[in-house]
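Visitor: Could you take me on a close look at one part of this model? I'd like to hear about the open space in it, and then whatever around it helps me get my bearings.

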Amino acid sequence: MTDPSRVAIVTGAAQGIGRRTAELLAERGFALALSDLRQAHDTRRAVQEHGAEVLEFAGDISDEDVVTRFARAVKERWGRADVLVNNAGISFIAPAENVTAAEFRRVLEINLLAPFLLAKAFGTMMLAQGSGSIVNVASVAGLVGIADRAAYNSSKHGLVGLTRTLAAEWGGRGVRVNAVCPGWVKTEMDAADQAGGGYTDADITGRVPMGRFASTEDIAKAIAFLADSSQSAFVNGQALAVDGGWTADGSWESLRLRHR
Ligand SMILES: NC(=O)c1ccc[n+]([C@@H]2O[C@H](COP(=O)([O-])OP(=O)(O)OC[C@H]3O[C@@H](n4cnc5c(N)ncnc54)[C@H](O)[C@@H]3O)[C@@H](O)[C@H]2O)c1
């Protein structure tokens with residue numbers, strides 16, 4: 001059953017990583033506030049099967065008024081916020097020389113400004129409580145450069161920087177801030193990127209030492225670890241790669257494949 005003293009907010013909860021994260025946090029006893037552009041009905045049903053209390057909120061989180069109304073709704077419902085998972089994000093693949101200012105700005109607004117606005121709104125509640133955990137879903141693209149992703153990689157590098165800065169600023173007042181950096185995950189985002197000709201399954205599985213994509217479960221478990229202060233009480237300001245070894249591996253391709 002839900003423990004109303006453990007309230008988790010998950011953005012981008014309608015599908016993919018956000019959906020599986022919401023389900024896992026519900027399994028672990030959190031009440032859930034779900035945010036997405038649309039109502040996250042399927043996630044709501046799945047979460048309720050675990051007996052969790054749920055609040056759904058639809059709106060574009062790059063709009064500060066939307067974030068303010070979302071935080072107010074959570075405060076009115078439960079009076080607290082214990083975990084914020086900044087998961088919502090968009091992909092954008094294009095050669096740098098073709099990216100317009102408007103496109104670059106839009107990626108930053110959703111992938112970097114929105115997590116800041118949410119951290120500010122819910123972090124304020126956490127600081128008043130003297131406890132809380134914020135988990136930002138960045139990417140391996142927040143740790144290394146990957147061609148054709150100037151806007152996306154800038155946003156994710158920025159999100160890692162925001163993570164470290166808020167950890168330094170708020171850690172002394174009981175609010176931990178960490179990031180999870182997934183490698184490639186089989187979600188709708190991956191399907192859309194592959195449909196656009198960005199890469200193939202073989203490109204990814206050949207490059208990852210562990211030879212596979214991440215599952216949403218792999219990522220959700222890392223998020224849940226960082227979210228839960230009974231599991232990760234002294235972990236603050238970290239960017240945890242969950243990438244099967246991608247960012248650790250400097251091997252050339254034939255050397256890597258020789259070890260399969
Ligand atoms: N899939 C991958 O391979 C991968 C790898 C590394 C990092 N990530 C990151 O993980 C996060 C989740 O990715 P996913 O693969 O589950 O993506 P997804 O596209 O399947 O789901 C993202 C969700 O975010 C929502 N969203 C997008 N913009 C929004 C906005 N402005 N306001 C509110 N909701 C919004 C979408 O409606 C969608 O439901 C993203 O931040 C993504 O950058 C994904």
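Guide: Asn87, Gly89, Ile90, Ser91 and Met189 are the residues nearest the centre of the largest pocket, out of 40 that line it. Keep in mind that this is a predicted model. The volume of that pocket comes to about 880 Å³.

Who builds the lining? Helix H6 (188-195) is one of the elements that supply at least two residues each, along with H1, E2, helix H4 (101-129) and helix H5 (150-170). H6 gives the most, with five residues. Sort the lining by class and you get 19 nonpolar, twelve polar and nine charged residues.

There's a second largest pocket too, with about 190 Å³ of space. It has 14 lining residues, and Asp82, Ser131, Gly132, Ala227 and Ser229 are the closest to its centre. Its lining splits into three nonpolar, six polar and five charged residues.

Now back to two of the elements that line the largest pocket, H1 and E2. Together with strand E1, helix H1 (residues 16-27) and E2 make a right-handed β-α-β unit. E1 (residues 7-11) is mostly covered, with five of its five residues buried. That goes for both faces: Val7, Ile9 and Thr11 are buried on one side, Ala8 and Val10 on the other.

E1 also has strand partners. With E2 (residues 31-36) it pairs in the parallel sense over five bridges, and there alanine 8 has leucine 32 as its bridge partner. With strand E4 (residues 83-86) the pairing is again parallel, this time over three bridges, and isoleucine 9 is matched with leucine 84.

Next, the charged side chains. Side chains of opposite charge can pair when their charged atoms come close. This structure holds 16 salt bridges. One of them joins glutamate 27 to arginine 20, with the closest N and O atoms 3.2 Å apart. Arginine 20 counts as buried because its relative accessibility is 14%, under the 20% cut-off. Glutamate 27, at 40%, counts as partly exposed.

Helix H4, which we met in the lining of the largest pocket, has a salt bridge of its own to show. Glutamate 109 and arginine 106 sit three residues apart in that helix, about one turn, and their closest N and O atoms are 3.0 Å apart. Both ends are partly exposed: glutamate 109 has 27% relative accessibility, and arginine 106 has a relative accessible area of 31%. As for the pair from before, glutamate 27 and arginine 20 belong to a bigger set, since salt bridges that share partners join Arg19, Arg20, Glu23, Glu27, Glu217 and Lys221 into one network.

One more pair rounds this off: arginine 44 and glutamate 56 form a salt bridge with their closest N and O atoms 2.6 Å apart. This one links distant parts of the chain, as arginine 44 is in helix H2 (residues 41-48) and glutamate 56 is in strand E3 (residues 54-58), twelve residues apart. Glutamate 56 is the buried end, at 14% relative accessibility, while arginine 44, at 27%, counts as partly exposed.

Terms used
Residues are numbered from 1 along each chain as its sequence is written. This is a predicted model: local features need pLDDT of at least 70, side-chain atom pairs count only at pLDDT 80 or more; totals for chains, interfaces and linings use all residues. Side-chain values use heavy atoms; hydrogens and water are left out. Buried means under 20% relative accessible area, exposed over 50%, partly exposed in between (1.4 Å probe, protein chains only). Helices (H or I, at least four residues) and strands (E, at least two) are DSSP runs, numbered from the N terminus. Two strands pair if DSSP finds at least two bridges between them. A crossover is right-handed if, with the strands pointing away from the viewer, the path from the first strand over the helix to the second runs clockwise. On a 1 Å grid over the protein atoms alone, a cavity is a set of points where a 1.4 Å probe fits but cannot get out, and a pocket is an open set with protein on both sides within 12 Å along at least five of seven lines; lining residues have an atom within 4 Å of a point. Grid points are joined across faces, edges and corners, and a volume is the space filled by probe spheres set on the points. Ala, Val, Leu, Ile, Met, Phe, Trp, Tyr, Cys and Pro count as nonpolar, Asp, Glu, Lys and Arg as charged, and the others, Gly among them, as polar. A salt bridge is a side-chain nitrogen of Lys or Arg within 4 Å of a carboxyl oxygen of Asp or Glu.
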